[in-house]
Amino acid sequence: MSEEAIGVDVGGTKTLAVRIRPDGTITARVRVHTPRTGPADLLTLLTSLADRLRTPGTRAIGVALPGLVETTTGTLRHAPGFPCDDLPVRGMLEEAVGLSAHVDNDARAATWAEYRTGAGRGHDDILMITAGTGWGCGVVTDGRLLRGSQGFAGEVGHLHVDAYGPTCYCGRQGCAEVSASGSAISHHGRAAGYPDGESVTRAASAGDTTALTVLHTVGTALGHGAAALVDLLDPAIVIVGGGAADADDMLLVPARTAMHGALTASRRRPAIPPVVTATLGNDAGATGVALLAFDQAVADG
């Protein structure tokens, strides 16, 4: 009997759950609506998905959540828009389903998936930027996932990237959260007459100059944020995921240009890390946290 793990990526509107083998191969997939009504409904969601995907060979379950996840205890300390502060997700889930559980931040989980089976394969030092509704990052250094002392590493959404960018919900102007994300494409797109971010990308693909300008603006902000992180972390590759990555090179070409221009002593560096699109798409978070859960279960014996 082959061993497998379950991974659940809890998003703002949709939750994706997968069952995977240790090599990252997905053997089952379920997508459902995300309840945002409280801890009880979140636990019900997780247990119901575990029941649907569990097999006799299931070894562990992982859950990826947005916001501050204390990985040492598996506690969700805070997630924007979720009334679940200080929720001991790991303990509750292990008691409810009887499986070894691992709980992590969604950007870190996606980073681990891209490192193990996606665009980061072959590199021991990677930076992944998740430019979706918000803006986060994950880091692998020397083959290890960077978590920090409490598990909060990667909360970079309020990095200042655009002096003329939109006002963030934190009250400051030009945070990456609102200037270099999928939300930023939607914001600038609506100001230019497009209904949403997807329509901006479609119009840009057809050669619409206004839509291309929107993506250039957001891509430039993304590049400025990437430069600050590359200066700090010195990765071998920068991977961009999240909804904004659907624009591919229409976003990444201006991002690369801006990053090269903002890097410290860029012309003196033997190599500048390439900026590439993530390859695993929406599966990354669920896949990554399932791999992390499986590895933890093996380590624990």
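Two strands are taken to pair if DSSP finds at least two bridges between them, and the strands (E, at least two residues) and helices (H or I, at least four residues) are themselves DSSP runs, numbered from the N terminus. The structure is a predicted model, in which local features need pLDDT of at least 70 and side-chain atom pairs count only at pLDDT 80 or more, whereas totals for chains, interfaces and linings use all residues. Residues are numbered from 1 along each chain as its sequence is written, and side-chain values use heavy atoms, with hydrogens and water left out.

## The sheet around β11

Strand β8 (residues 126-131) and β11 run parallel and are joined by five bridges, with L127 standing opposite V238 of β11. Strand β11 (residues 237-241) also pairs in the parallel sense with strand β12 (residues 275-277), here over three bridges. In β12, V275 is the bridge partner of V238, and V276 is the bridge partner of I239. Between these two strands the chain passes from β11 through helix α8 (residues 249-262) to β12 in a β-α-β crossover that is right-handed, a term meaning that, with the strands pointing away from the viewer, the path from the first strand over the helix to the second runs clockwise.

These strands belong to an open sheet of five strands, ordered β10-β9-β8-β11-β12, with mixed pairing. Because β10 (144-145) and β12 stand at the edges and each has a single partner strand, one side of each is left without a neighbour in the sheet.

Burial is described by relative accessible area, where buried means under 20%, exposed over 50% and partly exposed in between, computed with a 1.4 Å probe on protein chains only. By this criterion five of the five residues of β11 are buried. Both faces of the strand are covered, since I237, I239 and G241 on one side and V238 and V240 on the other are all buried.

## Nonpolar cores

A nonpolar core is a set of buried Ala, Val, Leu, Ile, Met, Phe, Trp, Tyr and Cys residues joined through side-chain atoms within 4.5 Å. The largest such core has 37 residues, of which L127, I129, W135 and L222 touch the most other members. At least two residues of this core come from each of β8, β9 (135-141), α5 (182-191), α6 (197-205), α7, β11 and α8, and α7 gives the most, with ten residues. Apart from this core lies another, of 28 residues, among them V30, L46, V63 and L99. In soluble globular proteins, nonpolar side chains tend to be buried together.

Contacts, meaning heavy atoms within 4.5 Å, can be followed from single residues once neighbours within four places in sequence are set aside. I129 is in contact with W135, G136, C137, L222, A226, L229, V238, I239, V240 and G241. L215, found in helix α7 (residues 209-233), counts as buried because its relative accessibility is 0%, and it touches I185, V200, A204, A247, M250, L251 and P254. The C-alpha atoms of L215 and A227, twelve residues apart along the chain, are separated by 18 Å. In helix α5, S186 counts as buried at 17% relative accessibility and touches D196 and G197.

## Ring interactions

The structure holds one aromatic pair, a pair being rings of Phe, Tyr and Trp (its six-membered ring) with centres within 6.5 Å, where planes under 30 degrees apart count as stacked, over 60 as edge-to-face and the rest as tilted. The rings of W112 and Y115 have their centres 4.9 Å apart and their planes at 40 degrees, so the pair is tilted. Both residues lie in helix α3 (residues 106-117), three residues apart, about one turn of the helix, and both W112 and Y115 are buried.

Elsewhere, the charged end of R36 sits over the ring of F82, 4.7 Å from its centre; the criterion is that NZ of Lys or CZ of Arg is within 6 Å of the ring centre and within 35 degrees of the ring normal.

## Positive phi outside glycine

Two loop residues are listed below.

| Residue | Phi | Loop | Relative accessibility |
|---|---|---|---|
| D86 | near 55 degrees | between β6 (75-78) and α2 (89-97) | 47%, partly exposed |
| A265 | about 50 degrees | between α8 and β12 | 44%, partly exposed |
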